[in-house]
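Reader: I have a chain open on my screen and would like to talk it through. Could you help me read it?

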Amino acid sequence: MSIESLGHLESKLQNLIDKLELTRMELEELRTANTRMEQENAELKQELSAWGERVGALLGKLDNVSEDVAEEEAAYEA
């Protein structure tokens, strides 16, 4: 194997090593972003659940008001 061939091989290996390192760094960034998004998703699910409970409570109040109005109308008509 000639010196020129070894130099060419060394260059290719160095390029592969550089690409591998860049891929590792990108993977770490993606893992970090994924973790952040999972946390944000969990927070949004909790917020959605809380809003659902609030809406449910308000709908319950509306039902009570509707029932009270219906009872008052029935008593007034009688």
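Reader: How many helices and strands does the secondary structure of the chain come to?

Author: Happy to help! This is a predicted model, where local features need pLDDT of at least 70, side-chain atom pairs count only at pLDDT 80 or more, and totals for chains, interfaces and linings use all residues. Residues are numbered from 1 along each chain as its sequence is written, and side-chain values use heavy atoms, without hydrogens and water. Helices (H or I, at least four residues) and strands (E, at least two) are DSSP runs, numbered from the N terminus. For the chain, the count is one helix and zero strands.

Reader: What radius of gyration does the chain have?

Author: The C-alpha trace spans about 110 × 15 × 10 Å along its principal axes. The radius of gyration is taken over C-alpha atoms, and the globule rule is 2.2 Å times the number of residues to the power 0.38. A compact globule of 78 residues would come out near 12 Å, but the chain has 33 Å.

Reader: What share of the 78 residues is buried?

Author: Buried means under 20% relative accessible area, exposed over 50%, and partly exposed in between (1.4 Å probe, protein chains only). Leu16, placed in helix α1 (residues 3-77), is exposed at 54%. Glu77 also lies in helix α1 and counts as exposed, at 69% relative accessibility. Buried residues make up just 1%.

Reader: How far apart are the mean positions of the positive and negative charges?

Author: Lys and Arg count as positive and Asp and Glu as negative, leaving out His and the chain ends. Each charge is placed at NZ of Lys, CZ of Arg, CG of Asp or CD of Glu. For the 8 positive and 19 negative charges, the mean positions are 15 Å apart.
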